Amino acid sequence: MRVLFIGDVVSSSGCEFLRKTLPGFKRMQGIDFCVVNGENSAKGNGITLLSYEHILASGADMITGGNHTLRRPEFYGVLDDVYSSALRPFNLHRSAPGRGVAVLERKGLRLGVANLIGSVYMDYAENPFDAADSICDYFNKENVKCFIIDFHAEATSEKRAMGFYVDGRAGALIGTHTHVQTADAQILPNGTAYITDAGMTGVISSVLGVTVNTATAKMKTGLPVRFEQAEGECSMNCVVVEMDEKTGRAVSIERFILT
């Protein structure tokens, strides 16, 4: 089974580049399932019905989230729909709308997808390591051999620790949130594919998708600044993970930056 995971899609520029790039890349790579982190896909941040539908129409099978998933209350109805293709972090408070796990099925293949959020330098969430145990138990009970976890976290150390914590249980642990693709794609000792961050889909000459001037002004002065979404040449950062359908373990992981 070949799974494509695409790093955080940022604003309308990222959405448009995704639409342009994703269909052909899926065909070229022989992708069975495509998962996209879309928590910043709306202009400003968060996700809206418009950006959600755009990402799905571009070729995604499931959209994962992060700390901005709940920024748009008008999207809560989509998250609460059991048939929707959007996840929020599993370990948010139980009162949060939506769900954190899903099972995709196509042509006899089944893929589990889970979304987690970290605890280091992030807003409060339940312990992600306890949540990871619950996720693994859930997919085992559902007899889902192949599953991936999008771990939306700030600290590299927390992502690395989580990778080893689920090694041999999850098919892949893919980091998101920092918007810069890391060079450490690997198969961990017990068969889990890992990367600290899949990267970003959006404007290259930007600070995580925001215009350089507004980001710099905020960091230099510490004063309130209205961030502006950058425009210009884009790239799509992603990884392709191949998993053994019988064991659920990873066979390979390869990272890509498409321009």
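## Helices 4 and 5

Helix 4 passes helix 5 in a right-handed crossing (the near helix is turned clockwise from the far one by less than a right angle). The model is predicted: local features need pLDDT of at least 70 and side-chain atom pairs 80 or more, while totals for chains, interfaces and linings use all residues. Residues are numbered from 1 along each chain as its sequence is written, and side-chain values use heavy atoms, without hydrogens or water.

Helix 4 covers residues 128-141 and helix 5 residues 156-166 (helices are DSSP runs of H or I, at least four residues; strands are runs of E, at least two). Their axes (lines fitted to C-alpha atoms over the stretch in contact) are 11 Å apart, at an angle of about 30°. Pro128, Phe129, Ala132, Asp133 and Cys136 of helix 4 are in contact with Glu158, Ala161, Met162, Tyr165 and Val166 of helix 5 (heavy atoms within 4.5 Å). This contact comprises 8 nonpolar residues, 2 charged residues and no polar ones (Asp, Glu, Lys and Arg count as charged).

## Helix 1

Helix 1 spans residues 11-29, and its end C-alpha atoms lie 26 Å apart, in agreement with the 27 Å expected for 19 residues at 1.5 Å a residue. Its buried residues (under 20% relative accessible area) include Phe17, Leu18, Leu22 and Phe25. Just after helix 1, Gly30 has a positive phi of about 65°.

## Positive phi in two loops

Lys107, in the loop between strand 5 (101-106) and strand 6 (109-117), has a positive phi of about 50° although it is not a glycine. Leu208, in the loop between strand 11 (200-203) and helix 6 (212-221), likewise has a positive phi, near 60°.

Definitions and conventions. The expected span of a helix is 1.5 Å times one less than its number of residues. Buried means under 20% relative accessible area, exposed over 50%, partly exposed in between (1.4 Å probe, protein chains only). Axes are lines fitted to C-alpha atoms, for helices over the stretch in contact, and angles run from 0 to 180 degrees between N-to-C directions.
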